[in-house]
Amino acid sequence: MASWNSVPLEVLYNVLGWIAFVSWSISFYPQVILNFRRKSVVGLNFDFVVLNLTKHSSYFIYNASMFFSSAVQRQYHHRYGKNEMIPVAANDVAFSTHAVLLTAFTLFQISIYDRGNQKVSKTAIAIVFVAWLSVAVCVFVGIPKHSWLWLISCFNGLQVAMTVTKYIPQAVMNFRRKSTIGFSIGNILLDLFGGLTNYGQMAVQSIDQHSWVNFYGNIGKTLLSLVSIFFDILFIVQHYVLYPSRKEVVSPKFDVEETRDIEGR
């Protein structure tokens, strides 16, 4: 059974993990608060939110299964070695649970606040349909064979695909509007910090275990941080360099008119 070789590194691992959890979890609130204050979701890309819900739902299934299922853990140790620690920590499960709830709440805000002329695209709907259809096929294939590790890896692969896909609509929308008004940069700054501390947590485990298996044994977590950091930097450049916003406005009416004016150009 795998165990820590260094107590200080174990403590640092847990500290970094929970810092990542707090940072990533808090990152949802600036957007929620901004929506509430403006009573508008104009400027927030709905495709981003819909794809994000699929991403976090699949990531929750993977994390919870890896962390709680002894059958999954046995197959993991059989594949990567009995001395390897599982690549999911309690903070991963806590984060993905919280993320599903907050993303669902953001969708609720979209349903009740002023949306202007924005809507979920048919492309996003098609992507979500194909994504869940794909994992449904994996379920039907994996369950009869008791291939639990492979099955949850399908969900992990889905969350990676959604992580790559979900940021693109918002980045394109910012580019077309030449503005980031309505999209909270606070969310991005916290997300970036969470991604960096998440990498730090994984590195600490690898240093202690003298093995880098946790990076490729949980490739989803590795790519999650890498892709998030890349797009976070892109959004920061858009917000502060390319499209520095004018004085932030609170009036939903102004935002709707501004958006229509931009789209009409």
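Select helix α3 (residues 46-68) together with helix α4 (residues 70-80): their axes approach within 5 Å and cross at roughly 85°. The model is a predicted one, in which local features need pLDDT of at least 70 and side-chain atom pairs count only at pLDDT 80 or more, while totals for chains, interfaces and linings use all residues. Residues are numbered from 1 along each chain as its sequence is written, and side-chain values use heavy atoms, with hydrogens and water left out.

**Conventions for the helices**

Helices are DSSP runs (H or I, at least four residues), as are strands (E, at least two), and both are numbered from the N terminus. An axis is a line fitted to C-alpha atoms, for helices over the stretch in contact, and angles run from 0 to 180 degrees between N-to-C directions. Two packed helices are described by the angle between their axes and the distance between the axes.

**Stop 1: α3 with α4**

The pair already selected is roughly perpendicular (angles of 65 to 115 degrees; under 35 counts as roughly parallel, over 145 as roughly antiparallel, and the rest as oblique). Display the side chains of S65, M66, F67 and F68 in α3, which meet S70, V72, Q73 and Y76 in α4. Contact here means heavy atoms within 4.5 Å. The contact of α3 with α4 comprises 5 nonpolar, 3 polar and no charged residues. In this classification Ala, Val, Leu, Ile, Met, Phe, Trp, Tyr, Cys and Pro are nonpolar, Asp, Glu, Lys and Arg are charged, and the others, Gly among them, are polar.

**Stop 2: α4 with α7**

Keep α4 and add α7 (148-177). The axes of α4 and α7 come within 8 Å and cross at roughly 100°, which makes α4 roughly perpendicular to α7. On the α4 side, select A71, V72, Q75, Y76 and R79; on the α7 side, W148, L149 and I152. The classes represented in the contact of α4 with α7 are 6 nonpolar, 1 polar and 1 charged.

**Stop 3: two loop residues**

Move next to H146, in the loop between α6 (122-145) and α7. The phi of H146 is near 55°, a positive value in a residue other than glycine. Most residues other than glycine have a negative phi, and most peptide bonds are trans.

Then select K178, in the loop between α7 and α8. K178 also has a positive phi, near 55°, and is not a glycine. With a relative accessible area of 47%, K178 is partly exposed. The accessibility classes are buried (under 20% relative accessible area), exposed (over 50%) and partly exposed (in between), computed with a 1.4 Å probe on protein chains only.

**Stop 4: α8 with α10**

Select helix α8 (residues 185-209) and helix α10 (residues 219-242), whose axes come within 9 Å and cross at roughly 150°. This angle makes α8 roughly antiparallel to α10. The crossing of α8 past α10 is left-handed, meaning that the near helix is turned anticlockwise from the far one by less than a right angle; clockwise would be right-handed. From α8, the contact draws on I185, I188, L189, D191, L192, G195, L196, N198, Y199, Q201 and M202; from α10, on K221, T222, S225, L226, S228, I229, D232, F235, I236, H239 and Y240. These residues of the α8 and α10 contact divide into 12 nonpolar, 7 polar and 3 charged.

Within α8, centre the view on I188. I188 is buried, at 2% relative accessibility. Not counting residues up to four places away in sequence, I188 touches F183, D232, F235 and I236. A distance label from I188 to Y62, 126 residues apart along the chain, should read 24 Å between C-alpha atoms.

In α10, select V237. V237 is partly exposed, at 31% relative accessibility. Its C-alpha atom is separated by 30 Å from that of N91, 146 residues apart along the chain.

**Stop 5: P30 and the cysteines**

Go to P30 in helix α2 (residues 29-38). At 22% relative accessibility, P30 is partly exposed. Show S184, G186, N187 and L190, which P30 touches when residues up to four places away in sequence are not counted. The C-alpha atoms of P30 and F155, 125 residues apart along the chain, are separated by 28 Å.

Finally, select C138, which is buried at 15% relative accessibility, and C154, likewise buried at 15%. The count of disulfides is 0, where a disulfide is a pair of cysteine sulfur atoms within 2.5 Å.
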